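Biologist: Could you take me through one part of this model closely, namely the salt bridges and the places where they sit? I would like the answer as one connected account, with the rest of the chain brought in where it helps.

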Amino acid sequence: MSTSQSTVPRPQSQPRSAYRAFRPIGTRWSDNDVYGHVNNVVYYSWFDTAVNAHLIEQGALDIHAGDVIGLVIETQCNYFAPLAFPQTVSAGLRVAHLGSSSVRYEVGLFAEGEELAAACGHFVHVYVNRETRRPVPLPDILKRTLEALQ
């Protein structure tokens with residue numbers, strides 16, 4: 001089957017109303033690439049920043065001494081409009097799936113004042129014991145924080 005005949009729906013940008021929490025992110029001069037917009041790899045850094053900063057601020061994640069840490073096992077991003085320095089970006093956050101030891105975060109990146117996301121993506125964390133790296137049930141505070149994002 002040719003690509004033009006595919007039945008897979010084309011990804012669509014999401015509105016701000018689709019997300020539960022937001023974090024402003026300032027772009028940096030070094031984020032731009034030779035084409036004059038933020039390089040695609042930077043978007044993944046913003047996803048990580050939005051999720052982990054939210055969890056740390058909520059007291060649900062201790063990155064330095066906690067027994068449980070999240071390991072990324074999957075990432076994906078669709079791009080709809082360019083972002084560039086010196087814009088301020090707003091990262092919208094929601095939880096699409098919450099398992100016993102894993103979570104799928106979805107993140108929308110918005111240019112200031114825009115209603116539709118310039119990029120939408122996701123990543124999956126599996127929460128593991130810091131020492132053994134084996135999956136563990138989500139701690140109660142983490143689970144409550146994630147439920148609030150559903």
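Modeller: What follows begins with the chain as a whole, goes on to the salt bridges, and ends with some individual residues.

Please keep in mind throughout that this is a predicted model. The chain holds two helices and five strands, and when it is read along the sequence these elements follow the pattern β-α-β-β-β-β-α. Its radius of gyration is 17 Å, close to the 15 Å that the globule rule gives for 150 residues, so the chain is as compact as a globular protein of that length. Along the principal axes, the C-alpha trace spans about 45 × 40 × 30 Å. Of the 150 residues, 41% count as buried, and the accessible surface comes to about 8,600 Å², with 52% of that area belonging to carbon and sulfur atoms. If one takes the contacts between residues at least 6 apart in sequence, 72% of them join residues at least 24 apart.

As for charge, the chain carries 12 positive and 14 negative charges, and the mean positions of the two sets are 4 Å apart. Four salt bridges are counted in the model, and I will describe three of them here, starting with the pair formed by Glu 57 and Arg 23, whose closest N and O atoms are 2.4 Å apart. This pair links distant parts of the chain, since Glu 57 belongs to helix α1 (residues 40–57) and Arg 23 to strand β1 (residues 21–26), with their positions 34 residues apart in sequence. The two partners also differ in their surroundings: Glu 57 has a relative accessible area of 55% and is therefore classed as exposed, the cut-off being over 50%, whereas Arg 23, at 18%, is classed as buried because it falls under 20%.

The other two bridges have Glu 106 in common. One of them joins the side chains of Glu 106 and Arg 94, with an N to O distance of 2.7 Å. Glu 106 lies in strand β4 (residues 102–111) and Arg 94 in strand β3 (residues 88–98), so this pair ties together parts that are twelve residues apart in sequence. Both of these residues count as buried, Glu 106 at 14% relative accessibility and Arg 94 at 16%. The other bridge runs from Glu 106 to Arg 104, with 3.1 Å from N to O, and here the arginine counts as partly exposed, at 27% relative accessibility. Through the partner that they share, Arg 94, Arg 104 and Glu 106 are joined into one network of salt bridges.

Glu 106 also offers a way back to strand β1, where Ala 21 lies. The C-alpha atoms of Ala 21 and Glu 106 are separated by 11 Å, although the two residues are 85 residues apart along the chain. Ala 21 is itself buried, at 15% relative accessibility, and, if its neighbours within four places in sequence are left aside, it is in contact with His 54, Ala 91, Gly 92, Leu 93 and Leu 149.

A residue of strand β2 can be looked at in a similar way, namely Gln 76. Its relative accessible area is 26%, and it counts as partly exposed. With its neighbours within four places in sequence again left aside, Gln 76 is in contact with Tyr 44, Phe 47, Gly 121 and His 122. Between Gln 76 and Pro 11, which are 65 residues apart in sequence, the distance from C-alpha to C-alpha is 12 Å.

Two points of backbone geometry, both involving loops, complete the account. A cis peptide bond joins Phe 85 and Pro 86, with omega at about 15°, and Pro 86 is found in the loop between β2 (68–79) and β3. Further along, in the loop between β5 (119–129) and α2 (140–147), lies Arg 133, whose phi is near 60°, a positive value in a residue other than glycine. Arg 133 is partly exposed, with a relative accessible area of 44%.

Notes. Residues numbered from 1 in each chain as written. Predicted model: local features only at pLDDT ≥ 70, side-chain atom pairs only at ≥ 80, totals over all residues. Heavy atoms only, no water. Helix = DSSP H or I, 4+ residues; strand = E, 2+ residues; numbered from the N terminus. Buried < 20%, exposed > 50% of the residue type's maximum accessible area, 1.4 Å probe, protein only. Rg over C-alpha atoms; globule rule 2.2 N^0.38 Å. Contact = heavy atoms within 4.5 Å. Areas by Shrake-Rupley, 256 points an atom, 1.4 Å probe, with all protein chains shown as cover. Lys, Arg positive; Asp, Glu negative; His and termini not counted. Charge placed at Lys NZ, Arg CZ, Asp CG, Glu CD.
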